[in-house]
Every structure is written in C-alpha cells, then in structure tokens.
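Got a new structure open and not sure where to look? Let's walk through this one together, starting with the overall layout and then moving in.

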Amino acid sequence: MTVPVTVKMRSGWSSGEINAPLIARICEDNGADAVTVHGRTKEMQYSGAADRGIITLVRKAVGIPVIANGDIRTWSDHKAMLEETGAAAAAIGRGACGNPWAFLSIKEGRDIEVSPAERIQGAIRHLDMLVEWAGETHGVIEARKHIAWYLHGIRGAGAVRTRIMSLKKAAEVRETLREFAVRSGESVL
Ligand SMILES: Cc1cc2nc3c(=O)[nH]c(=O)nc-3n(C[C@H](O)[C@H](O)[C@H](O)COP(=O)(O)O)c2cc1C
C-alpha cells in the first residue's frame, strides 16, 4: 500500500532565517507529495499576521502542491489566500475551533453569520458526538475546550465556560448550555 506523504512547516525560524522555500525543495527532492506552509516563523508563535508572500515563494520554489495556512477564518480569507499565493489548497487552524461552519462557508463560497443559538446548539452536538466516541468521562473533559471555543464572543458566556470546566456529567453540561441559551433569549432544541 502506498500513502501520500505531506510535510508541514513554518515560514522559517525567525525573520532573519526564512527557510521554508529551501525546506520545501528538500522535501520535494525526497519524495514528499505536498507541503503545507504556515506563514509565520517559529519566533512569531501566533503573533502578527501570516505572511502570504513567503507562501508564494514556496509555491514558486516547488512543483508539488502547496497548501497555504495561517489566519483563515472565513470564505473571504480562504479566497484571498488562494488568489494571493497561488496555493493549491488551504488548511484552517484556529478558525475551525468551535467553528465547523468555516468548512461549510468555504464549500458554499460565501461568508456565513452564525447566531448564538446555532453556536450553543453546535456545542451541544459536539459534546454528544465526543461522548458517543470517547465515553462520558473522557468525552466531557475533551468537550470543555471545544465548548469554550463555540461560546467565544457570546455575551455573558464567561461564567458558563467557567462552570462547564468543573462539570463531569454530559447531562449537566447540556442543561447548563440550554439554560444559558434561554437566559440569552435564544432558543435551542
Ligand atoms: C488546537 C490547535 C492544535 C494544533 N495542533 C497542531 C499539530 O498537531 N501540528 C501542527 O503542525 N500544527 C498544529 N497547530 C497549528 C495549526 O495547524 C496552524 O498551523 C496554526 O494554528 C496557524 O493557522 P491558523 O492561523 O489558521 O490558526 C494547532 C493549532 C491549534 C489551534
């Protein structure tokens, strides 16, 4: 059986040491099927903006497909990234956290506004799927960070996030989310 091998890299170590084009060439020469480039250096961590220029340089340096990564949250970001870099595809990182609608938005070719009710409903669904997949104990623990992402930016969600971090039963988490929705004037199933 053969499987495609891809390599993911940052743009370089620091602004003085941008080496993604070189690393990508080495990957290609040694059989990689594609490379993914996050347009930030190691030194930047998550600060500043992902540099699309460096991703473009990588795209020009290799013949294999380049997958562009960094700061894609919406369909518009995705479109701009592909247009500016000429990359074959894009990878979404933080923009997908608590936001599975990012993929729908890109698939449908339009930016999507997601209401608080939909986000709370999404958090409950994600919790249910994690509990089904990992069992109640691990599913609830794993769901905590995802729920926090879903609730990010919803007014009054801070206290709910804190409470959920200490709950162990899926039913309690569900109920807390439903109560929050009701208090916020949102209706969820
Ligand atoms: C929760 C989380 C987990 C991640 N795990 C990995 C990982 O295992 N390997 C990796 O190469 N990058 C990982 N990353 C980095 C992302 O893949 C991505 O390169 C980075 O977040 C920049 O893209 P963004 O601006 O769209 O977030 C992770 C990022 C987040 C937020």
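One thing to keep in mind from the start: this is a predicted model. The chain has 189 residues, and buried ones make up 33% of them. Its C-alpha atoms fill a box of roughly 55 × 35 × 30 Å, taken along the principal axes. In secondary structure, you get 8 helices and 5 strands. Follow the sequence from start to end and the pattern reads β-β-α-β-α-β-α-β-α-α-α-α-α. As for how the chain folds back on itself, take the contacts between residues at least 6 apart in sequence: 59% of these join residues at least 24 apart.

Now let's zoom in on helix α2, which covers residues 52-61. Its buried residues are Arg52, Ile54, Ile55, Val58 and Arg59. Look down the axis of α2 and those buried residues fall within an arc of 160 degrees, so they line one face of the helix. There's a handy bit of background here: an α-helix has 3.6 residues a turn, so residues three or four places apart point the same way. Turn to the other side of α2 and you'll find Gly53 and Lys60, which are exposed. What do the buried residues of α2 pack against? The strands on the list are β1 (6-14), β2 (17-18), β3 (34-41) and β4 (66-69), and the helices are α1 (20-29) and α3 (75-85).

Helix α3 is also home to lysine 79. Is lysine 79 buried or partly exposed? It has 15 other C-beta atoms within 10 Å, while a buried residue needs 20 or more, so lysine 79 counts as partly exposed. Lysine 79 is 73 residues away from histidine 152 in sequence, and the two sit 25 Å apart in space, C-alpha to C-alpha.

Next up are the nonpolar cores. In soluble globular proteins, nonpolar side chains tend to be buried together. Here the largest nonpolar core has 19 residues, and the ones with the most contacts inside it are Ala123, Leu127, Ile147, Leu151 and Leu177. Two or more residues come from each of α5 (116-134), α6 (136-151), α7 and α8. The biggest contributor is α5, with 6 residues. Alanine 123 makes a good spot to look around from: leaving out residues up to four places away in sequence, it touches Ile147, Tyr150, Leu151 and Leu177. There's also a second, separate core of 17 residues, with Ala24, Ile54, Val66 and Ala87 among them.

Stay with helix α5 for a moment and find isoleucine 120. Isoleucine 120 counts as buried because it has 25 C-beta neighbours inside 10 Å. In sequence, isoleucine 120 and alanine 181 are 61 residues apart, but in space they are 7.0 Å apart, C-alpha to C-alpha.

Last stop: how do helix α7 (residues 157-164) and helix α8 (residues 170-183) sit against each other, and at roughly what angle do their axes cross? The axes come within 10 Å and cross at roughly 170 degrees. That makes α7 roughly antiparallel to α8. On the α7 side, the contact is made by Val160, Arg163 and Ile164, and α8 answers with Val173, Thr176 and Phe180. Sort the residues of this contact by type and you get 4 nonpolar, 1 polar and 1 charged.

Key: Residues numbered from 1 in each chain as written. Predicted model: local features only at pLDDT ≥ 70, side-chain atom pairs only at ≥ 80, totals over all residues. Buried ≥ 20, exposed ≤ 12 C-beta atoms within 10 Å, placed from the backbone. Helix = DSSP H or I, 4+ residues; strand = E, 2+ residues; numbered from the N terminus. Arc of directions from axis to C-beta. Contact = placed C-beta atoms within 7 Å. Axes fitted to C-alpha atoms, helices over the stretch in contact; angles between N-to-C directions. Parallel < 35°, antiparallel > 145°, perpendicular 65-115°, else oblique. Nonpolar A, V, L, I, M, F, W, Y, C, P; charged D, E, K, R; others polar. Core = buried A, V, L, I, M, F, W, Y, C linked by C-beta atoms within 7 Å.
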